[in-house]
Amino acid sequence: MANKYDLLLESILAQPKMIPKHVAIIMDGNGRWAAMRDKPRTAGHEAGVRAVKLTVEAAMELGVQYLTLYAFSSENWKRPRSEVAALMSLLSRTTRRELDELIKQDVKLITTGRISGLSIARRRVLADAVQKTRNNRGLVLNLALNYGGRTEILDAVKAIAHSVKAGLLDVKDINEERFAEFLYTYGLPDPDLLIRTSGEKRISNFLLWQTSYTELYIIDTLWPDFGRNELLEAVADYQQRDRRFGKVDSKKSG
Ligand code: IPE
Ligand code: IPE
Ligand code: MG
């Protein structure tokens with residue numbers, strides 16, 4: 001007999017138009033997960049890798065096209081040096097270990113953020129994975145690394161100012177679409193659904209421009225405990241929403 005979540009999957013897939021094209025996740029709560037087990041915070045980060053794998057697989061099962069994971073914020077450098085080093089090491093180890101699997105799954109890996117702020121060794125591992133998956137046609141897995149929303153907007157403003165100064169862009173041609181072309185996320189649709197785990201009700205400098213009309217979903221589950229069932233529940237919840245974009249109720253007005 002089909003279990004509860006297989007039935008949920010079936011009902012989600014029955015509404016293909018309401019499957020989010022782009023899901024973004026603030027993967028939070030690793031430290032608290034570890035503390036509950038009297039383990040060091042880094043054990044929580046290690047445990048979070050399993051949740052990433054389960055989430056990537058479930059996103060593919062659902063037909064989500066873009067999955068953006070907030071893996072390291074520009075503010076996370078302020079953590080103890082040992083934790084930053086452990087996170088960076090985990091990032092390259094995991095990328096290297098999972099590369100074959102990503103290729104097999106037809107996943108295209110991309111990154112968003114100031115990658116130049118990472119060490120050359122880490123950049124090499126990432127660049128290799130990005131390069132080897134660049135022609136893949138399945139899920140686009142976007143890792144937000146050394147990412148900060150305000151910095152991204154400022155970087156765009158600076159690039160635009162340079163373009164104007166160089167005579168390549170006219171001020172009167174700057175509109176929302178044009179502006180978005182200067183963001184790190186150029187080419188990606190805005191997230192339809194933003195999930196944050198561990199119950200914190202804040203954006204923490206994530207995709208400030210891109211989430212203006214994103215549906216928010218916050219759950220208390222800590223990131224290492226997140227997986228297929230939780231993603232299915234989030235997407236099912238999303239399917240009940242009425243996205244109005246400032247207009248009147250679309251379900252009532254037709
Ligand atoms: C999220 O878990 C992982 C990163 C920010 C890299 P945290 O490390 O923030 O876990 P908590 O919030 O302290 O529980
Ligand atoms: C947001 O989590 C950043 C990532 C998940 C990478 P934080 O744990 O850093 O956010 P705050 O500090 O609680 O706002
Ligand atoms: Mg946190």
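Guide: Welcome! A polar contact is a pair of N or O atoms within 3.5 Å. Please keep in mind that the model is predicted.

Visitor: What makes the pair between Arg 196 and ligand 2 a polar contact?
Guide: A polar side-chain atom of Arg 196 lies 3.3 Å from an oxygen atom of ligand 2. That distance is within 3.5 Å, so the pair is a polar contact. Two other residues can be judged by that cut-off. A polar side-chain atom of Ser 204 is 2.6 Å from an oxygen atom of ligand 2, and for a polar side-chain atom of Arg 79 the distance to an oxygen atom of ligand 2 is 3.2 Å. Both values are within 3.5 Å, so these are polar contacts too. The protein covers 78% of the 390 Å² of accessible area that ligand 2 has on its own.

Visitor: How do you know which residues surround ligand 2?
Guide: A residue counts as near if one of its heavy atoms lies within 4 Å of the molecule. Those around ligand 2 include Ile 26, Tyr 70, Phe 72, Asn 76 and Arg 202. Strand 2, residues 66-73, gives the largest share of this shell, with four residues. The space that ligand 2 takes is the largest pocket.

Visitor: What makes the pairs between ligand 1 and the residues Gly 29, Asn 30 and Arg 79 polar contacts?
Guide: Let us take them in turn. Gly 29 has a polar backbone atom 3.3 Å from an oxygen atom of ligand 1. Asn 30 has a backbone N or O atom 3.1 Å from an oxygen atom of ligand 1. Arg 79 uses an N or O atom of its side chain, 2.7 Å from an oxygen atom of ligand 1. Each distance is within 3.5 Å, so each pair is a polar contact. The protein covers 86% of the 380 Å² of accessible area that ligand 1 has on its own.

Visitor: Which element gives the most to the shell around ligand 1?
Guide: Helix 2 does, with three residues. The elements that give two or more residues are helix 2 (30-35), helix 3 and helix 4 (81-104). Of the 13 residues around ligand 1, those that come nearest are Asp 28, Gly 31, Arg 32, Arg 41 and Arg 79.

Visitor: Why is the span of helix 3 called close to the expected one?
Guide: Helix 3 covers residues 41-62, which makes 22 residues. From first C-alpha to last, helix 3 reaches 31 Å, close to the 32 Å expected at 1.5 Å a residue. Its buried residues include His 45, Val 49, Val 56 and Leu 62. Just after helix 3, Gly 63 takes a positive phi of about 85°.

Visitor: Why is Gly 199 called buried?
Guide: Buried means under 20% relative accessible area. Gly 199 has 12%, so it counts as buried. Gly 199 lies in the loop between strand 5 (193-196) and strand 6 (215-218). Its C-alpha is 8.5 Å from that of Gly 29, with the two positions 170 residues apart along the chain.

Visitor: And why is Arg 134 called partly exposed?
Guide: Partly exposed lies between under 20% and over 50%. At 45%, Arg 134 falls in between, so it is partly exposed. Arg 134 sits in the loop between helix 5 (120-132) and strand 4 (140-147). A polar atom of its side chain lies 3.1 Å from the backbone oxygen of Gln 131. Arg 134 and Asn 146 are 12 residues apart in sequence, and their C-alpha atoms are 21 Å apart in space.

Terms used. Residues numbered from 1 in each chain as written. Chains lettered and ligands numbered in written order. Predicted model: local features only at pLDDT ≥ 70, side-chain atom pairs only at ≥ 80, totals over all residues. Heavy atoms only, no water. Expected span 1.5 Å × (residues − 1). Buried < 20%, exposed > 50% of the residue type's maximum accessible area, 1.4 Å probe, protein only. Polar contact = N/O pair within 3.5 Å; in protein donor to acceptor, adjacent residues only side chain to side chain. Areas by Shrake-Rupley, 256 points an atom, 1.4 Å probe, with all protein chains shown as cover. 1 Å grid on protein atoms, 1.4 Å probe; cavity = no way out; pocket = protein on both sides within 12 Å on 5 of 7 lines; lining within 4 Å. Sits in = over half its atoms within 2 Å of the grid points.
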